[in-house]
Each structure stands twice: as structure tokens, then as C-alpha cells.
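This report describes the arrangement of strands and the side-chain contacts of a single structure. The sequence and the coordinates are shown first.

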Amino acid sequence: MELKKKNFTSKERGFTLVEILITIAITGIVSATIFTAFQSQQKSYVAQEDVAVMQQNLRAGMDMMVREIRMAGYDPTSDANAGIVSGISNSIAFTIDETGDGDIDDSNEYITYSLYTSDNIQKLGRKSTATANNQPVSENIDALEFFYKLVDESQTLTPSDTTLIRSIRITLLARGDRADQKFVNTHIYTTPGGQNWGPYNDNFRRRLLTTTVKCRNLGL
């Protein structure tokens, strides 16, 4: 008996070279799209984080100044002669009889706020009776303005008589910590006192914050 040979040829087919190349191309396009989206979201997140830190830093410095300047001239015994010692557009010094003992010789009773530079970073600094050198309050502060309102309702950056001061508008300009090479800051920041800060033409974002402080212990 003659045995017939069976054909064991498989009907399954593999991928052709063209199909493989098309698959690689599609995979590359999808991967590039995903990477581009991720990179964009990452840059957006970094920028938002930088702005959030900057605003927090700005508000922390402003809140501390407001709280202490509001107490300028606090003198419960009327013997300490507390008040604003000096005031110019970018610096203020004032006294407080915090302990109520009739003098301003104790810690934190003679306070000065101004800008200073340390480690190549400009900062909002605070000096007091206890600390002769500036202590950092906020970092990356580009500019500071004190705009004084006097008893006759006039306003000035340079009061000739500090006893006439009744309120102060404080303006701070903060800068982000990170440069963004795809961002150029060409903005001009105008203060209540009429100063123009900028344009800086650099890659840093900035925020301007202004607050009015009523000095409730002055002119009593």
C-alpha cells in the first residue's frame, strides 16, 4: 500500500518588513507625542511651583512688616517717645515700647526694614535692638517702597517730619527663584509712589504686592 504524503506547511504568516517599519514609525510618533505632552506639563508645573513659592515668600515678608509697622509709636506710658525715627522711600526705622516700661531700650523695640544683599541674593532685611545686622525676612526681593501719608492727607516718599506720618503704603516686588528661558519679563511695575521698576528684560517672573498700614499709635 502506498502512503500519501501530507502537506504540513503552516498557514500562519509572520510580519512583513513593511509592516514592521510602519509599526515602528507609529510607535515613534506616539512616544514623541507623549514625551512632548509630559515635557510641557512638567515645565508648567515647575513654573506654577515657582510662582507659588514667590507669592508665599512675598506675603510672609509683607505680613511681618505690616504687623510691626502698625505698632510703631506704641507708648503706653507716654514716656518712651516712641514713633517713626526715619522714613525714606526704601527704608523705615521706628520704635515701640513693647514692654510698657517707659523706654525703648529692650529687644525688638527699635526696628529697621530695608533691602540688603547677601550671597548674591537681594533680601528684605530686619534689624532690631537685639540684632545689629540685617536678618532675612524674605529673599529675592527686587524692590521696596514706602509711600507716606501725612496728617494733612498729602503723600510723599520723603517726609521731612516723621511726626506727621499717619499711614504708609508698602510695596514689594518679588522675583522668582528659577529662570525660564522661554519667558522674557518686559513688564514695567508702577508703584503708588510713582516709581517705575523695570523692564528687567530677563527670564524671571515677578509679582508686585501693595498694602496700606494705618499707624494707629501715631498722632495720639
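A search of the whole structure, which is a predicted model, finds 1 aromatic pair. Phe 94 and Tyr 113 form this pair, and their rings are stacked, with 6.5 Å from centre to centre and 20° between the planes. Because Phe 94 belongs to strand β2 and Tyr 113 to strand β3 (residues 110-118), the pair ties together parts that are 19 residues apart in sequence. Phe 94 and Tyr 113 are both buried.

**The five-stranded sheet**

Strands β2 and β3 belong to an open sheet of 5 strands, which follow the order β1-β2-β3-β4-β5 with antiparallel pairing. The edges are taken by β1 (84-88) and β5 (135-139); each has a single partner strand, so one side of each is left without a neighbour in the sheet. On average, neighbouring strands of this sheet are turned by 25° against each other, direction ignored. In general, the strands of a sheet pair through backbone hydrogen bonds, in either a parallel or an antiparallel manner.

Edge strand β1 pairs with strand β2 (residues 91-95) in the antiparallel sense over 4 bridges. The two strands β1 and β2 form a hairpin with 2 residues between them. Within this pairing, Ile 84 has Phe 94 of β2 as its bridge partner, and Ser 86 has Ala 93 of β2. On to β3, strand β2 pairs in the antiparallel sense over 5 bridges. Phe 94 takes part here as well, with Ile 111 in β3 as its bridge partner. Phe 94 thus combines a bridge to Ile 111 with a stacked ring contact to Tyr 113.

How many of the residues of β2 are buried? The number is 5 of the 5, so β2 is largely enclosed by the rest of the structure. Cover is found on both faces of β2: Ser 91, Ala 93 and Thr 95 are buried on one side, and Ile 92 and Phe 94 are buried on the other.

**The four-stranded sheet**

A further open sheet consists of 4 strands in the order β7-β6-β8-β11, with antiparallel pairing. Its edge strands are β7 (155-156) and β11 (206-214), each with a single partner strand, so one side of each has no neighbour in the sheet. Strand β6 (residues 141-150) is joined to β7 by 2 bridges, and the two run antiparallel. Lys 149 stands opposite Gln 155 of β7.

**Salt bridges**

Side chains of opposite charge can pair when their charged atoms come close. The structure holds 8 salt bridges, including those listed below.

| Salt bridge | Closest N to O distance |
|---|---|
| Lys 123 and Glu 139 | 3.6 Å |
| Asp 180 and Arg 205 | 3.1 Å |
| Arg 206 and Asp 202 | 2.7 Å |

The salt bridge between Lys 123 and Glu 139 falls within the five-stranded sheet. Lys 123 lies in strand β4 (residues 121-127) and Glu 139 in strand β5, so the contact ties together parts that are 16 residues apart in sequence. Are these two partners buried or exposed? Lys 123 is buried, because its relative accessible area is 7% and the limit for this class is under 20%. Glu 139 counts as partly exposed, because its relative accessibility is 35%.

The salt bridge of Asp 180 with Arg 205 joins two loops. Asp 180 is in the loop between β8 (165-175) and β9 (189-190), and Arg 205 is in the loop between β10 (196-197) and β11, so the pair ties together parts that are 25 residues apart in sequence. Asp 180 counts as partly exposed, at 23% relative accessibility.

In the salt bridge between Arg 206 and Asp 202, Arg 206 and Asp 202 are both buried. Salt bridges with shared partners join Asp 142, Arg 175, Asp 202 and Arg 206 into one network.

**A nonpolar patch at the surface**

Phe 15, Leu 17, Ile 20, Leu 21 and Ile 24 make a nonpolar surface patch of about 570 Å². One of these residues, Leu 17, is found in helix α1 (residues 17-69). Leu 17 counts as exposed because its relative accessibility is 61%, and exposed residues are those over 50%.

Methods. Residues are numbered from 1 along each chain as its sequence is written. This is a predicted model: local features need pLDDT of at least 70, side-chain atom pairs count only at pLDDT 80 or more; totals for chains, interfaces and linings use all residues. Side-chain values use heavy atoms; hydrogens and water are left out. Patches are made of residues with over 30% relative accessible area and no salt bridge: like charges are joined within 9 Å, nonpolar side chains (Val, Leu, Ile, Met, Phe, Trp, Tyr) within 5 Å. Accessible areas come from the Shrake-Rupley method with a 1.4 Å probe; for residues, only the protein chains shown count as cover. A salt bridge is a side-chain nitrogen of Lys or Arg within 4 Å of a carboxyl oxygen of Asp or Glu. Buried means under 20% relative accessible area, exposed over 50%, partly exposed in between (1.4 Å probe, protein chains only). Two strands pair if DSSP finds at least two bridges between them. Axes are lines fitted to C-alpha atoms, for helices over the stretch in contact, and angles run from 0 to 180 degrees between N-to-C directions. Rings of Phe, Tyr and Trp (its six-membered ring) pair if their centres lie within 6.5 Å; planes under 30 degrees apart count as stacked, over 60 as edge-to-face and the rest as tilted.
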